[in-house]
Structure formats: structure tokens, C-alpha cells
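Biologist: I would like to learn how to read strand pairing and ring contacts in a model. Can we work through an example?

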Amino acid sequence: MRKTVLDLGSTSFLILGCKKSDDSSTSSTTASTTSTTCSSVVGKVGDNSSNLVTTALAKSANLTKGLTVFGINILATSEVTDAKLLHAANITAELIDNNEDGTADNPTVLKALVDNSTFVKMYNLQSGNSVTIDTDVLDDAGVSKNTSLGAYETVDNYADGVSHDASIEEIFHLITQYGYSVAYPTVFEESNTSTSAMALAMDTARGGRQLTTTDGAWVYNNTTCPATGSVESGKAWWFYDEASADYKTMQTEYMYWAVTSKFGMHDSTAGRTKADSEWCPNTKAELLAQDPTIYNLIDNATYAFPTVLPDASYSACTFTTSDIITF
């Protein structure tokens, strides 16, 4: 069912479904309002001359289609279906405009993302892709602020009882790495030498500050989550064990787990199972009890973090295949 938002003065109405044939004036107004909203949300790759991601550059990297959402490029190889690309576009819109009123919740963060020519690059399968994205071409052009997203992992969140929607994770990584970290460095900077408020909170969550691996591994004083309640005081409740991840990456992942747990992404049996392998407070209540420092940072209205789980259905504007261009 199509969803559009009609904004009349200070009152917003959600319009569902089709209009009666004799309701032409209201239908016309709604269509006009939706069109205006969409024009400020969705755009064409390469339309912004200040954005370093051009269609020619994207094509040279073996990316062949895409669109922009709030100025952020969503790009894909030819193997990615339009449906998966539009799913990612909806998730991007919902994370930037979580209350779905057609405007960015945090313009300062969005500006940092747009100024840095950020983009999402989508490929198809976990392995065996016939098209390889040439990241060297992008890096050489000074376009390196991006995140990778597999179409195979772009799914309805835990719909199969096992898999989370990785588009929420990867696109949110982009937003914190090149948005919040840049806009609020003393609070949310993600770097290998960061002493931001968030980094210090993460040190506590990991059972102490460690900037590098020991003998090629991250070492924690706890690697299990209790069935109920909080982890014992002084013990780690965030124990990501990917040896190739540096301290900066740890912060990116920590931000993802904290914010998505707060808005209920993992509040299910499947979510608990996935979280328990590296993160304990997987619900809003548990996060507040276990990690009040990060909870209060991301609960601050000044920063306007998303508070509602995206569902790949952005109500302020309906994305269609006609929004996608090929290069």
C-alpha cells in the first residue's frame, strides 16, 4: 500500500491507499506535496557538482547504477537487483530522517556526510561475484569514505529467525564514521587515538582500555552474557573478537550495537542469539542498566540519533525504479 505524507500547516496526515474519483483536489494536493518532499530527498548520481562521486567515476569502478538519498550516494553493480538497491535507499532515508517528515533529523551530521561525498557500494553475493568493485579507482580520486553492503545480506530484519538486516548496520556505520565522528569529535570521534566520550565509554564496556591486540588477538576478561541481568561489575559486556579490527573499528561497531539495541533491532530471540556472541545489553532496558553512559549520550536530543527501527518503507517519499539511473 502506498504511503504519502500530507503536511497542512502544523498538522501532518498519513494517507493510505487510493483516493475516490470525486476527491481530485485532495489527491492533487497530496501528489504535489509528495513530489515536493521527494525532490528534497531523492536525487540523481552526479547532479551535485561539489560531490566527488560522478557517474563516470562510479562506472570506472564497475558500479553501474544508483541514486542519491539526502545527497548520499547509493551505488550498485549490475548484479544487484533494483529491489535491493531501493531497500538500501529506504533504510538510508529512515536513518537520516527517522521521524519521516521529509527533512534530516540532524542537518549538521548530514552536512558532514554530503561534504565528504560519502557513498554506499553494493555488490551481490558473499563470494563468487562476476563483477568486482575497483576500490583503487575510487581511492585514487580521493573518494574513500564509504561502506560496503552485500545484496545477499540486505533482508527484512530477522524475518527468517536468524539474519539481521545488514543494510541497517552498514549504512549506520557510514553515518557514525563520517557524520557524527566529524560533527562532534569530542563526543563521538572514531579514531585509533580517540579519547572522545564515546571511546571512553567503550573502554569501560570492554573491561578496560586496549588500543592494540595482544599476540594478534583482542583479550577480554569476559566473553559470555548472563541469561538475565547485567554483566558483573568490571567485566566486559562488549567483546568483539575480530583480530583484523583496529581500535577505530571497535568504536564504529560499539556505536552500532548501542543505538540499534536502544531502538529495539535485536529485541527478539534471534536478536539475542546474534548479540550474545559479542554484545550483552541487546534491549533498550538492558542498555540503560548496563551502559548508562553511552545510553545517555545517544539519548540526547541534541544529536538526534534514530529512535525507531527502520523497516525499509520510508513514508515521506516512495522510491521507485525510475529514481535509479544507470551509467
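Modeller: We start with two strands and then turn to the aromatic rings. Keep in mind that this model is predicted.

Biologist: In which sense do strands E6 and E7 pair, and over how many bridges?

Modeller: Strand E6 covers residues 119-123, and its pairing with E7 is parallel, with 5 bridges. Look at methionine 122: its bridge partner in E7 is leucine 149.

Biologist: Which helix joins E6 and E7 in a β-α-β unit, and what is its hand?

Modeller: Helix H5, residues 135-140, completes the unit, which is right-handed.

Biologist: Is E7 mostly covered or open?

Modeller: Covered. E7 spans residues 146-150, and 4 of its 5 residues are buried.

Biologist: Now the rings. How many aromatic pairs are there in the whole structure?

Modeller: The search finds 13. One of them joins tyrosine 123 and tyrosine 152, with centres 6.3 Å apart and 50° between the planes. That angle makes the pair tilted, because the tilted class lies between stacked, under 30 degrees, and edge-to-face, over 60.

Biologist: Why does this pair tie together separate parts of the sequence?

Modeller: Tyrosine 123 belongs to strand E6, while tyrosine 152 sits in the loop between E7 and helix H6 (166-183), so the pair links parts 29 residues apart in sequence. Tyrosine 152 is partly exposed, at 34% relative accessibility.

Biologist: Which residues form one aromatic cluster?

Modeller: Trp238, Tyr240, Tyr254, Tyr256, Trp257 and Trp279.

Biologist: Where do charged ends sit over rings?

Modeller: Arginine 206 places its charged end over tryptophan 218, 4.6 Å from the ring centre. Lysine 262 does so over tyrosine 295, at 5.5 Å from the ring centre.

Conventions: Residues are numbered from 1 along each chain as its sequence is written. This is a predicted model: local features need pLDDT of at least 70, side-chain atom pairs count only at pLDDT 80 or more; totals for chains, interfaces and linings use all residues. Side-chain values use heavy atoms; hydrogens and water are left out. Buried means under 20% relative accessible area, exposed over 50%, partly exposed in between (1.4 Å probe, protein chains only). Helices (H or I, at least four residues) and strands (E, at least two) are DSSP runs, numbered from the N terminus. Two strands pair if DSSP finds at least two bridges between them. A crossover is right-handed if, with the strands pointing away from the viewer, the path from the first strand over the helix to the second runs clockwise. Rings of Phe, Tyr and Trp (its six-membered ring) pair if their centres lie within 6.5 Å; planes under 30 degrees apart count as stacked, over 60 as edge-to-face and the rest as tilted. A charge sits over a ring if NZ of Lys or CZ of Arg is within 6 Å of the ring centre and within 35 degrees of the ring normal.
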